[in-house]
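Q: I would like to learn how to read a structural model feature by feature, with the general idea stated before the particular case. Could we work through one together?

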Amino acid sequence: MRMTNQDNKIRVGIIGFGVAGEFFHGAFLAADPGYEIVGIVTRSQERAARADSLGPVVQTVDELLALAPDLVVVASPPNVHREHALAALAAGADVVVDKPFAPNVDDARAIIEAAKGHGRLLTVFQNRRFDRDFVTLKRLAVEGVVGDVHTFESRFEWWKPEVDESWKSTTSADDGGGILLDLGPHLVDQAIELLGPVTNVRSATVRRLRDGATADDDAFIELEHASGAVSRLTMSALAGSMGQRFRLAGSRGILTIDGLDEQENSLRTGGARPSDPGFRSDSRRLQFSAGEQEDDLRLDEGSYADFYGALATAIRYGADVPVSPDDALVVLRILETVREQARR
């Protein structure tokens, strides 16, 4: 039974309060009047002090599920996504799983089947679909600004020469660690959203470059799409200077942009809130070039809050979830193929 009274708040619990739980889920859920955070699972005293400002803190998943939330957000490390998602679904909650959906296709498939079996909604938090530069790029591509697209280049890089103690750095690739499963789900999902289905992994390089790295920290993927277009996706933790974020080339010209969407940085380092005036805007510009012609284009407004707005509509009225778990399963299959091809 779906909620039909729009005045009723959706009672939500969050499992995990790391970067994802705090900034990508907690911040947006707390700012949305359609949701009420009824519990946040974290055992860290430091994180609990910050989580307490958003909602009650509990120590275990069982304690959270005893509160009978309508929705559970699984923002724990990926090696326990299956365990936590299955428990939430069995308890009668709809579920959001942060990316990567799971460390492998088998775990992802088990979660999808459980959601169907329990008759609950399931979606995956592919927040980069809601990056303002990507939203604008996709709209302009549909409008034919660059003509027939033949090449899409996407880079997500940073400079982290030292291996830290985070789970992303210390977890093996088999358990969901490494940059391929950290950034790969974003880049592959965006490429499919923009260019359509992938027919072939043309090239794949997955490397471990930093001393002491447990899992991969540098990767390149070249994908061929059914449209005939090619996407080239680069991710690295050892890039001293980030290359252009997007390059979308077609028969009429090219669209390019530098830098990353500003939402994450403004939340994590600038102290911004999703409800702040101007939060939906981004100061960067897309550049369209065709020979001597050059035009700067403003980015469309947008926010990761749009994900939770669409999810609320799905929960209340039975609309489609903002990201199909089947889409996330397709992405995981591609990433498994990439890893196997890189090994060979």
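A: The turns below go through the strands, the backbone exceptions, the core, the empty spaces and two buried polar or charged positions of this predicted model.

Q: Let us begin with the open sheet: what is the order of its six strands, and is the pairing parallel or antiparallel?

A: A useful general idea is that in a regular strand the side chains alternate between the two faces of the sheet. Here the open sheet of six strands runs in the order β3-β2-β1-β4-β5-β6, and the pairing is parallel. The edges are held by β3 (57-58) and β6 (122-125), each of which has a single partner strand, so one side of each is left without a neighbour in the sheet. The pairing of β5 (residues 94-98) with β6, in the parallel sense, extends over four bridges, and within it D98 has F125 of β6 as its bridge partner.

Q: How many bridges join β9 to β8, and how many join β9 to β10?

A: Strand β8 (residues 198-207) is joined to β9 by eight bridges, and the two run antiparallel; V201, for example, has L223 in β9 as its bridge partner. On to strand β10 (residues 230-236), β9 makes seven bridges, again with an antiparallel run, and A219 stands opposite M235 in β10. Strand β9 (residues 218-225) is mostly covered, in that six of its eight residues are buried. The hairpin of β9 and β10 has four residues between the strands, and in this hairpin G228 takes a positive phi near 100 degrees.

Q: Which residue has a positive phi although it is not a glycine, and which two residues does a cis peptide bond join?

A: The background is that most residues other than glycine have a negative phi, and most peptide bonds are trans. In this model A68, which is not a glycine, has a positive phi of about 55 degrees, and A68 is found in the loop between α3 (61-65) and β4 (71-74). The cis peptide bond is the one that joins K99 and P100, where omega is about -5 degrees; P100 belongs to the loop between β5 and α5 (105-118).

Q: Turning to the interior, which members of the largest nonpolar core touch the most other members?

A: In soluble globular proteins, nonpolar side chains tend to be buried together. The largest nonpolar core of this model has 96 residues, and F101 and Y308 are the ones that touch the most other members. The element that gives the most to this core is helix α8 (residues 179-195), with 10 residues. If one sets aside the neighbours within four places in sequence, the contacts of Y308 are F24, H25, F28, L29, D32, Y35, V73, V96 and F125.

Q: How many cavities of 30 Å³ or more does a search of the whole structure find, and which residues line the largest cavity?

A: Rolling a probe the size of a water molecule over the atoms shows where empty space is left. The search of the whole structure finds one cavity of 30 Å³ or more, and the volume of the largest cavity is about 50 Å³. Its lining is made by K99, P100, F101, V124, Q126, P185, A328, V331, L332 and L335, which divide into eight nonpolar residues, one polar and one charged. Helix α11 (residues 325-343) supplies the largest share of that lining, namely four residues.

Q: What is the volume of the second largest pocket, and which helix gives the largest share of its lining?

A: The second largest pocket holds about 350 Å³ of space. Among the 14 residues that line this pocket, E22, A27, L54, A272 and R273 are the closest to its centre. Helix α1 (residues 19-31) contributes the largest share of the lining, five residues, and by class the lining has eight nonpolar, three polar and three charged residues.

Q: Are D182 and S289 buried or exposed?

A: The reading rests on relative accessible area, with buried meaning under 20%. D182, in helix α8, has a relative accessible area of 10% and is therefore buried; leaving out residues up to four places away in sequence, D182 touches K99, W158 and K168. S289, in strand β13 (residues 285-290), has a relative accessibility of 17% and so also counts as buried. With residues up to four places away in sequence again not counted, S289 touches G253, I254 and E294.

Notes. Residues numbered from 1 in each chain as written. Predicted model: local features only at pLDDT ≥ 70, side-chain atom pairs only at ≥ 80, totals over all residues. Heavy atoms only, no water. Core = buried A, V, L, I, M, F, W, Y, C linked by side-chain atoms within 4.5 Å. Buried < 20%, exposed > 50% of the residue type's maximum accessible area, 1.4 Å probe, protein only. Contact = heavy atoms within 4.5 Å. 1 Å grid on protein atoms, 1.4 Å probe; cavity = no way out; pocket = protein on both sides within 12 Å on 5 of 7 lines; lining within 4 Å. Points joined across faces, edges and corners; volume = space filled by probe spheres on them. Nonpolar A, V, L, I, M, F, W, Y, C, P; charged D, E, K, R; others polar. Pairing = 2+ DSSP bridges.
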